[in-house]
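Grab a pencil and work through these exercises with the structure open beside you. Try each task yourself before you read its solution.

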Amino acid sequence: MSPLWPLTSLTSRRTIFSFTKKPLWQLPHNSEPPISQQELVDEEVCPSYSLATFYPARPGEVLAKKFQLLVKIGWGSQLTVWLRDISRHKWQSEQTVGLKIINSNNADDARHEREIESHITQQNTGHRGRVILRTCLDGFEVSGPEGKHMCLMYEPMREPLWMLQRHFVDRKLPLPIAKAYIYFILAGLDYLYSQCKADGKSGQTIYRCHNDVGALDGREIKNMIPEIADFAQASRLDEPSTLNGIVGEHLGIYPIQLDYYHAPEVILGCGWDFKADIWNFGVLLHDTHGRYDVKSHLAEMIALLGSPPRVLFAKSKTTSEHNWPHPVTIILEDTTSSLKEKDREPFLSFAGQMITWLPEERKTAHKLMDHLFIKLGG
């Protein structure tokens, strides 16, 4: 574990208030052998990794004379760490937050993420879906060896839903919990579309949150709610489209979303809007993965939904470039084997209002919240 940097800036000037501040957290001794310099770990395995663009964060380091880094909890194009707020007084409880330290070459993306999340925060706070969206609490800059790094502070989260499923038999959420989570997430999506005029796009990640960061207590799961997080790639629907410059029209034709969740209009390059998120969520409910292949993906859509409408092909910029694979046999009903007989028809009706070829035929998040499948006692 790396040694601490000198913290003279914190102790050089003492006032009567200095004695009321909590001391720095002392890092435990690390008895594990150091990792070889030749062994690639975490973000170092990324094909685009560049040491110069990452901030060299170290456990125990203090940023902005206020936050002490404890441990790295995630990585990607930016680094995520746990923090302890050391500016609080001794009579106040500790505050632990999550921090994203953005790469020095991603300053524009960091500013966009903070601006879009500020826009989300400033809308109708009384809307029931507002609390489902996890947005930036604060931000500041730190200087690194190769430039400045934007640091975005967030409420700490627990694991994503796909990891939460590991706690249940056959990795399946109990149906009452699943229905509640679906309702919460739809409320969050409705807030994004109706109040913020924003599209979640590929940055949308669904997490589960709780009011502490201790060990999971299964008895408390009824008090846990999911949150929608990470709006780095989100777009505002009230801005001109990248496709035709018309406000409120399709936003663009460049690829969005994770491969497995691509909506038909995304794959075919027809132009997409917030209805692509509705498809994305509908597929997430089934969540059947394999090795991704765009041609097979389209073939599976055809097997599930029948041949795509001609109007969709007419919009496509890429259809002629594809040689269609051999047909595959998938029946939508086959994906509901874990449901009881009385729940299958309502679920298929619910999913069928999200998974459609034409975006305009998909129900909005607001309308989906009224579906019988997710009604209490339904």
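A salt bridge here is a side-chain nitrogen of Lys or Arg within 4 Å of a carboxyl oxygen of Asp or Glu. Keep in mind that you're looking at a predicted model.

**Exercise 1. Salt bridges**

Task: Find how many salt bridges the rule gives, then work out how exposed R114 and D138 are.

Solution:
- Step 1. Apply the rule, and the count comes to 10 salt bridges.
- Step 2. Take R114 and D138: their closest N and O atoms are 3.7 Å apart, so the pair passes the cut-off of 4 Å.
- Step 3. Now place them on the chain. R114 belongs to helix α2 (residues 107–121) and D138 to strand β5, so this pair links distant parts of the chain, 24 residues apart.
- Step 4. Check accessibility, where partly exposed lies between 20% and 50%. R114 has 32% relative accessibility, so it counts as partly exposed. D138, with 34%, is partly exposed as well.

**Exercise 2. Partners in helix α9**

Task: Look at E341 and R344, which form a salt bridge. How many residues apart are they in helix α9?

Solution:
- Step 1. The closest N and O atoms of E341 and R344 are 3.7 Å apart.
- Step 2. These two are 3 residues apart in α9, which means that about one helical turn separates them.
- Step 3. E341 reaches 61% relative accessibility, so it's exposed, while R344 is partly exposed at 28%.
- Step 4. Try another pair: the side chains of K342 and D343 meet in a salt bridge at 3.4 Å, N to O. K342 is exposed at 62%, but D343 is buried at 6%.

**Exercise 3. Following strand β6**

Task: Is strand β6 largely enclosed or largely open? Which strands pair with β6?

Solution:
- Step 1. Strand β6 covers residues 147–154, and 6 of its 8 residues are buried, so the rest of the structure largely encloses it.
- Step 2. Strand β4 (residues 96–102) pairs with β6 in the antiparallel sense over 4 bridges. As an example, K100 has L152 as its bridge partner in β6.
- Step 3. Strand β5 (residues 138–144) also runs antiparallel to β6, and 7 bridges join them. Among these partners, G144 is matched with G147 in β6.
- Step 4. Trace the chain from β5 to β6 and you'll pass through a hairpin of 2 residues.

**Exercise 4. Checking a helix length**

Task: Does the span of helix α4 agree or disagree with what its 21 residues should give?

Solution:
- Step 1. Helix α4 runs over residues 175–195, and at 1.5 Å a residue it should span 30 Å.
- Step 2. The C-alpha atoms at its ends are 29 Å apart, so the two values agree.
- Step 3. Just past α4 you meet K197, whose phi is positive, near 55 degrees.

**Exercise 5. Aromatic rings**

Task: How many aromatic pairs does the structure hold, and how are the rings of Y49 and F54 arranged?

Solution:
- Step 1. There are 5 aromatic pairs.
- Step 2. One of them is Y49 with F54: the centres are 5.2 Å apart and the planes make 40 degrees, a tilted arrangement.
- Step 3. Y49 is partly exposed at 25%, whereas F54 is buried at 10%.
- Step 4. Compare F347 and F373, an edge-to-face pair with 5.4 Å between centres and 65 degrees between planes. F347 is buried at 7%, and F373 is buried at 3%.
- Step 5. Ring pairs link F347, F350 and F373 into a cluster. The charged end of K179 sits over the ring of F373, 5.1 Å from its centre.

Definitions and conventions:
Residues numbered from 1 in each chain as written. Predicted model: local features only at pLDDT ≥ 70, side-chain atom pairs only at ≥ 80, totals over all residues. Heavy atoms only, no water. Buried < 20%, exposed > 50% of the residue type's maximum accessible area, 1.4 Å probe, protein only. Pairing = 2+ DSSP bridges. Expected span 1.5 Å × (residues − 1). Phe/Tyr/Trp six-rings, centres within 6.5 Å; stacked < 30°, edge-to-face > 60°. Lys NZ or Arg CZ within 6 Å of the ring centre and 35° of its normal.
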